[in-house]
Amino acid sequence: MEDVSLTYTGIMKKGNEKIVRVRFTRNGEKDFAEGVIPGGKIETSQGFSDKELASLSFYLKANTKEICQKAKEISGLRGFLRG
């Protein structure tokens with residue numbers, strides 16, 4: 001896949017579960033896929049093929065630990081700014 005960008009949220013709560021929302025974009029955000037970890041499920045998408053979506057889901061599952069670590073830094077910064 002060419003020129004795909006990844007962004008993610010800080011850690012959020014969904015019920016009793018802690019999640020991170022992840023967004024993949026390309027072509028100036030014309031094509032996008034939004035997923036959630038843990039689980040690596042792609043919830044919404046536009047412009048990516050089924051094969052590409054499977055690859056993005058695999059990427060989320062394989063990199064959950066690293067993405068969560070980075071998301072904790074975002075969450076920690078938000079707490080610092082509020083204080």
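In this predicted model, Tyr59 sits in between buried and exposed: its relative accessible area is 37%, so it counts as partly exposed. Its aromatic partner is Phe24, and the two rings meet edge-to-face, with 6.1 Å from centre to centre and 80° between the planes. Those are the two numbers to look for, since a pair of aromatic rings is described by the distance of the centres and the angle of the planes. An angle over 60 degrees is what earns the edge-to-face label. The count of aromatic pairs comes to one. Phe24 belongs to strand S3 (residues 17-26) and Tyr59 to helix H1 (residues 50-62), so the pair ties together parts that are 35 residues apart in sequence.

Phe24, for its part, is buried, because its relative accessibility is 4% and the cut-off for buried is under 20%. Phe24 also turns up in the largest nonpolar core, which has twelve residues. Among the others in that core are Val20 and Val22, along with Leu53, Leu56 and Leu60. Strands S3 and S4 (31-37) and helices H1 and H2 (64-82) are the elements that each give two or more residues to this core. Val20 shows what the packing looks like around one core member: leaving aside neighbours within four places in sequence, Val20 is in contact with residues including Tyr8, Ile11, Ile37, Ile67 and Ala71.

Strand S3 is also where much of the strand pairing can be followed. S3 runs antiparallel to S4, and seven bridges join the two; here Phe24 appears again, with Ala33 as its bridge partner in S4. The hairpin of S3 and S4 has four residues between the strands, and Asn27 takes a positive phi near 55° there. Strand S1 (residues 5-8) is antiparallel to S3 as well, with four bridges, and Tyr8 is the bridge partner of Val22. Strand S2 (residues 12-14) joins S3 through three bridges, again antiparallel, and one of the paired positions is Lys14 with Glu17. S2 and S3 form a hairpin with two residues between them, where Gly15 in the turn has a positive phi of about 70°.

What about a charged-looking name such as Arg26, is this residue buried or exposed? Arg26 lies in strand S3 and is buried, with a relative accessible area of 7%. The side chain of Arg26 has company, too: a polar contact of 2.9 Å joins it to the side chain of Glu52.

Definitions and conventions. Residues numbered from 1 in each chain as written. Heavy atoms only, no water. Phe/Tyr/Trp six-rings, centres within 6.5 Å; stacked < 30°, edge-to-face > 60°. Buried < 20%, exposed > 50% of the residue type's maximum accessible area, 1.4 Å probe, protein only. Polar contact = N/O pair within 3.5 Å; in protein donor to acceptor, adjacent residues only side chain to side chain. Core = buried A, V, L, I, M, F, W, Y, C linked by side-chain atoms within 4.5 Å. Contact = heavy atoms within 4.5 Å. Pairing = 2+ DSSP bridges.
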